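User: I have a model open and I'd like to learn how to read it. Could you walk me through it, one feature at a time?

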Amino acid sequence: MRSAPLGTAYRVAAWTAVFYLMTLPLLGPLRALWVAVAAFAIQAVVLFGKISPAHRERFLSVVGGRTHLASWLDSRPAWFRTAVPVAILAIVALSGLGMSPYTLDVATNAGIYVLLALGLNIVVGMAGLLVLGYIAFSAVGAYTYAILNTQMHLSFWLALPIGGALAACFGLLLGLPTLRLRGDYLAIVTLGFGEITRITLNNWNSVTNGPNGILGISPPSFFGFPFTQPKHYFYLVLVMVALTAFFSRRLERSRLGRAWVAMREDETAAESMGVPTLKLKLLAFTLSAFCGGVAGVVFASKQLFISPESFNFLESVMVLCMVVLGGMGSVPGVILGAVLLSFLPEVLRGAAEYRLIVFGAAMVLLMQYRPQGIWPSSRRFEEFRQEK
Amino acid sequence: MIPGGALLQQIVNGLTVGAVYALIALGYTMVYGIIELINFAHGEIYMIGAYVGTISAGVFLAAGLPVWASLVLAIATAAALTSLYGLSAERLAYRPLRKAGRLAPLISALGLSIFFQQYVFLAQGAKDKVFPAAITSGGFVLGSVRVAYIQVAIILVAAALMVSLQAFVGKTRMGRAMRCTAQDPVMASLVGVPVNRVIALTFVIGSALAAVAGVLVVMYYGKVNYLAGYAAGLKAFTAAVLGGIGNIPGAMLGGLFLGVVESLAAGYIGGEYKDVVAFVILVLVLIVRPQGLLGVRVPDKI
Amino acid sequence: MSLRPRPGCTAALLLLAFAFLSGCAGDEGKTIRVACAGPMTGEQAKQGRDMEEGAALAVEEWNAKGGALGKKIELLVYDDAQDPKQANAVANKMFTQGVVIVDGHYNSSCTIPASEVYNQRKMVCLTPASTNPQVTDRRYPTIFRVCGRDDQQGKAGAEWVVKHMPTAKVAVLDDKTTYGQGLAREFQKSYETLSGRKVVFAGVIVKEDQDHTSVLTTLKGYEPDLVYFGGLYPQGGLIVKQMRQLGIKASFMSGDGTYDPEFIRIAGAENAEGSYLTFIPDQEKIPTAERVVEAYKKRFGEVGPYSLYSYEAVNIALQGVAKAGTTDGLKVAQAIHAMAFDTVFGPMKFDDKGDVLVSPYVMWQVQGGKLVQLPPDS
């Protein structure tokens with residue numbers, strides 16, 4: 001059904017005017033004009049261009065379609081599907097030998113983001129609970145290592161489980177009262193928790209040294225061999241990423257993982273089938289917090305200096321973006337998302353100012369045209385297709 | 001050590017901040033009431049309102065208009081132009097996702113919030129924008145409490161807007177359509193309510209109110225910057241939840257309550273912990289009384 | 001054209017991602033590489049640009065003289081985006097690209113973690129703007145500071161108060177940042193030692209807030225005669241404005257973070273009148289700086305508060321290189337420690353921590369809506 005041409009023209013003119021007026025005060029008359037021209041052009045192309053409903057369908061199915069490589073991979077035999085990640089791991093490990101310290105450093109940061117994104121993926125992707133203050137768990141881990149190491153010379157390897165466990169405890173404590181809430185309240189409560197954590201770290205001078213942060217954290221050492229070069233961290237993080245990815249993958253296909261999916265898709269139905277949803281939510285929350293804590297310990301051991309400003313809301317958003325961009329619930333997707341987003345700023349040095357605005361716009365557009373992310377999990381893809 | 005007058009002064013301080021929270025909270029509460037979406041970008045709309053007000057006040061003053069006329073016109077301009085942001089946000093970022101479950105619109109809202117924030121940063125720079133007309137800090141002294149006229153103005157304007165909004169929703173045809181859509185959009189469309197237009201109108205009204213709050217704040221404090229939306233939005237949302245989300249008098253009560261609590265916390269516990277107090281109250285309210293102070297418990301839709 | 005998806009697209013994307021991993025190795029040229037690192041993007045982009053311009057001026061002058069050790073000087077600019085993590089990353093990048101001298105960073109929170117890398121890699125780092133004591137208190141041999149320290153600045157403020165307002169009751173506020181808290185604490189410490197009296201009130205404001213009236217109402221109850229604030233100008237301006245609104249008549253004093261004409265605009269000229277700020281001497285009035293200020297203005301325009309510090313950081317480092325006869329970090333650092341420099345700020349010498357020996361701070365006051373430097377002995 002098409003609306004009358006006059007009505008359409010009127011509407012196009014109205015929206016063009018809206019965009020001009022809206023941007024006029026902030027951008028000034030000239031730049032606002034460009035916005036209006038762009039708004040007009042886009043509408044004109046969409047409405048008067050030769051875009052038939054069939055074209056549109058086609059476009060959506062391409063943009064929103066299954067990643068070809070992913071579906072190709074899924075149709076390969078099992079040994080092949082195992083071999084691919086192993087091969088990628090080997091290639092990355094080998095290329096580490098030839099990297100400059102700077103590239104290694106950036107790659108290590110990317111690896112830490114991968115750890116965080118995989119952790120957040122458990123709760124957001126698998127269990128379907130939106131957590132907005134995820135970086136707080138990482139802060140708990142990082143500060144645990146920083147404090148215990150500088151005061152009691154706790155070793156990195158012991159700090160890994162301790163930091164993770166402490167973060168998990170926080171997750172449990174936060175989750176117990178709040179997981180009964182509906183999804184969007186949970187998002188806000190976790191956001192509030194993230195803020196409380198940051199504010200507390202910034203103010204509890206006697207323990208966290210307040211805004212100055214903690215200096216002089218010692219690097220990890222392996223049987224007396226200290227990690228001093230960017231290369232060492234690179235391999236440490238690579239091993240941890242490989243392990244986390246492996247466990248995430250196993251988790252996804254386990255009984256637990258399937259129960260999460262059931263809960264995510266229809267909580268009431270799952271519950272009536274005997275799925276203990278509250279317990280499952282708590283478990284997802286705690287596991288996810290554990291991963292965040294571990295990533296925090298690694299972060300602190302690499303940075304050797306931590307301060308509250310490294311754990312602000314934007315970091316949480318960043319990690320969430322990685323999960324969403326890559327594909328919620330898809331382990332390869334999340335890894336890809338984290339790697340892409342951590343390398344992007346290095347590539348777009350000249351356009352650094354525009355990085356965040358592009359992120360924001362990408363999140364909005366992605367939700368409309370490709371909510372399943374770049375590399376969706378096969379299961380998730382089907383769901384989104386049905387919802388459309 | 002602390003004189004008794006200080007307590008009253010703290011309450012006056014808190015009410016001013018709270019009235020602003022309440023005005024922003026109205027937008028959250030209306031949108032949530034009607035489409036069950038936490039409009040994360042709403043805080044940014046408030047910030048944009050402050051910018052538009054500041055810039056247009058500058059234009060009106062430069063055109064030689066008297067100060068009071070410039071201020072009134074600036075508020076009107078900000079409300080009108082900023083509501084367009086709400087309108088287009090709804091059309092471009094939320095309407096396509098109305099049937100897409102809960103997570104997608106929430107992430108879209110988050111993205112939009114970052115987009116707006118960065119858009120203002122790129123357009124206007126990182127420096128604080130200073131309001132062109134210095135509103136003289138004239139006021140009166142009541143006992144030991146000092147009240148600026150502009151504080152009174154903020155509280156009065158907020159109250160007036162809330163009362164008229166309540167009347168609009170409760171008494172007019174459009175208001176009835178809004179309540180109808182909030183209860184059941186499908187049913188509403190069946191009985192002939194133009195659901196899309198009603199939802200768009202909700203966004204427009206909410207944005208206009210946030211813009212008014214933005215201009216009042218920038219007049220009172222004298223400056224705004226592109227990051228101002230985040231904290232204010234978060235607080236206003238807290239206020240909306242406190243009062244009972246979806247409930248207009250609740251938003252007002254929640255805003256004033258939060259403002260006063262924060263003010264007392266900053267005054268008597270210490271400035272560094274006031275935000276912690278605010279969030280702890282939010283978590284407690286959600287746990288003990290998820291429907292908020294004035295809300296009614298609605299079972300989850302199945 | 002077919003619209004079918006191609007496996008190539010995703011594969012290309014993947015390849016692209018891994019292509020960065022292979023990185024680009026530094027190409028050591030026949031130049032001496034000097035880095036200028038600071039916040040080139042984001043909120044503090046202006047401060048970053050000031051640093052860059054100062055460094056560029058110094059490099060141009062050296063190159064006009066034929067460079068150092070017979071090599072041309074090459075300036076590379078790095079953006080730390082005021083993020084400690086990013087500062088660390090660019091520090092590693094500099095090492096990769098063969099940088100020997102670093103003029104940076106701006107924020108103490110960036111200089112501190114980055115200097116761990118500089119120390120490890122034996123690169124010479126001179127910060128033109130990071131005033132936190134921790135920057136040099138770790139006594140790394142190759143780390144220097146050209147500007148003053150927060151404790152020097154806090155002390156300058158305290159001395160002034162003790163001398164000119166000996167009976168004043170003093171309250172202290174800070175914004176809970178590394179800079180603000182550090183400065184406020186140093187002021188408080190010096191004040192309490194010098195005067196033998198305690199401050200009457202010490203409070204904290206939230207930097208992101210617009211409304212500080214609650215804390216100020218509590219502060220008012222202690223009836224201070226002077227409020228010292230550790231923080232930046234937007235908050236400083238609001239505090240002064242809200243103090244006056246609440247009827248607090250106390251004088252206001254703050255440090256270099258509040259030194260900005262915007263401070264007066266935000267506070268309102270009549271509210272800010274009489275406020276004290278510790279800052280470096282007016283660069284335009286230092287006789288030794290005249291030539292450089294002139295050249296800077298001709299080349300880039302307005303001189304920023306840290307432009308000349310950045311200029312001198314590069315100058316000092318290159319003089320060190322020339323003296324040491326090598327670009328080896330430790331040797332250059334030794335040379336810098338041993339030398340005395342003739343800078344636009346007058347003679348300069350470094351102590352064993354890498355700090356300047358003479359505190360550069362003087363007192364400024366808002367008079368008639370403008371910032372005016374008070375004569376040193378008044």
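User: Let's start with burial. What percentage of the 388 residues in chain A are buried?

Analyst: Keep in mind that this is a predicted model. A residue counts as buried when its relative accessible area is under 20%. In chain A, 57% of the 388 residues are buried. For chain B, 60% of the 302 residues count as buried, and in chain C buried residues make up 62% of 378.

User: And which secondary structure elements does each chain have?

Analyst: Just go chain by chain. Chain A has 17 helices and two strands. Chain B has eleven helices and four strands. Chain C comes to 14 helices and 14 strands.

User: How do I read the radius of gyration of chain C?

Analyst: Set it beside what the globule rule gives for the length. Chain C has a radius of gyration of 23 Å, close to the 21 Å given by the rule for 378 residues, so chain C is as compact as a globular protein of that length. Chain A, with 388 residues, has 23 Å where a compact globule would be near 21 Å, which agrees. In chain B the value is 19 Å, in agreement with the figure near 19 Å for a compact globule of 302 residues.

User: What box do the C-alpha atoms of each chain fill?

Analyst: Here the box is taken along the principal axes. For chain A it is roughly 75 × 55 × 50 Å, for chain B roughly 60 × 50 × 35 Å, and for chain C roughly 70 × 65 × 40 Å.

User: What about contacts in chain A: what share join residues at least 24 apart?

Analyst: Start from the contacts between residues at least 6 apart in sequence, then ask how many of those span at least 24. In chain A that share is 76%. Chain B also gives 76%, while chain C gives 67%.

User: Now the surface. How much area does chain A expose, and what part do carbon and sulfur atoms supply?

Analyst: Chain A exposes about 16900 Å², with carbon and sulfur atoms supplying 70% of it. Chain B exposes about 11300 Å², and there carbon and sulfur supply 69%. The accessible surface of chain C is about 14200 Å², of which 54% belongs to those atoms.

User: How far apart are the centres of the positive and negative side chains in chain B?

Analyst: The trick is to find the centre of each set and look at the gap. In chain B, the centres of 19 positive and 9 negative side chains lie 10 Å apart. For chain A, with 29 positive and 17 negative side chains, the gap is 6 Å. In chain C, the mean positions of 41 positive and 44 negative charges are 3 Å apart.

User: Let's zoom in. Is A:Thr208 buried or exposed?

Analyst: Check the relative accessible area, then look at the surroundings. A:Thr208 is buried, at 1%, and belongs to helix α9 (residues 205-208) of chain A. The side chain of A:Thr208 reaches the backbone oxygen of A:Leu201 at 2.6 Å. Setting aside residues up to four places away in sequence, A:Thr208 touches A:Tyr143, A:Thr200, A:Leu201, A:Gly213 and A:Ile214.

User: Which residues is C:Ile112 in contact with?

Analyst: Look at the chain letters as you go down the list. Beyond neighbours within four places in sequence, C:Ile112 is in contact with A:Leu215 and A:Phe305, as well as C:Asn132, C:Gln134, C:Val135 and C:Arg138. C:Ile112 lies in helix α4 (residues 108-121) of chain C and is buried, with a relative accessible area of 2%.

User: Why is helix α8 of chain C described as largely enclosed?

Analyst: Count buried residues along the helix. In α8 (residues 213-220), seven of the eight are buried, so the rest of the structure largely encloses this helix. Among the buried ones are C:Val215 and C:Leu216.

User: Last one, the backbone. Where is C:Ala81, and what is its phi near?

Analyst: A positive phi in a residue other than glycine is something to look for. C:Ala81 has phi near 50 degrees and sits in the loop between β2 (72-79) and α3 (84-96) of chain C. At 30% relative accessibility, C:Ala81 is partly exposed. C:Lys176 has phi near 65 degrees and is placed in the loop between β6 (170-174) and α7 (178-195), but C:Lys176 is buried, at 9%. Check omega too: the peptide bond from C:Gly104 to C:His105 is cis, with omega near -5 degrees.

Note on methods:
Residues are numbered from 1 along each chain as its sequence is written. Chains are lettered from A and ligands numbered from 1 in the order in which they are written. This is a predicted model: local features need pLDDT of at least 70, side-chain atom pairs count only at pLDDT 80 or more; totals for chains, interfaces and linings use all residues. Side-chain values use heavy atoms; hydrogens and water are left out. The radius of gyration is taken over C-alpha atoms; the globule rule is 2.2 Å times the number of residues to the power 0.38. Buried means under 20% relative accessible area, exposed over 50%, partly exposed in between (1.4 Å probe, protein chains only). Contact means heavy atoms within 4.5 Å. Accessible areas come from the Shrake-Rupley method with a 1.4 Å probe; for residues, only the protein chains shown count as cover. Lys and Arg count as positive and Asp and Glu as negative; His and the chain ends are not counted. The place of a charge is taken as NZ of Lys, CZ of Arg, CG of Asp or CD of Glu. A polar contact is a pair of N or O atoms within 3.5 Å; within protein, one must be able to donate a hydrogen and the other to accept it, and residues adjacent in sequence count only if both atoms are side-chain atoms.
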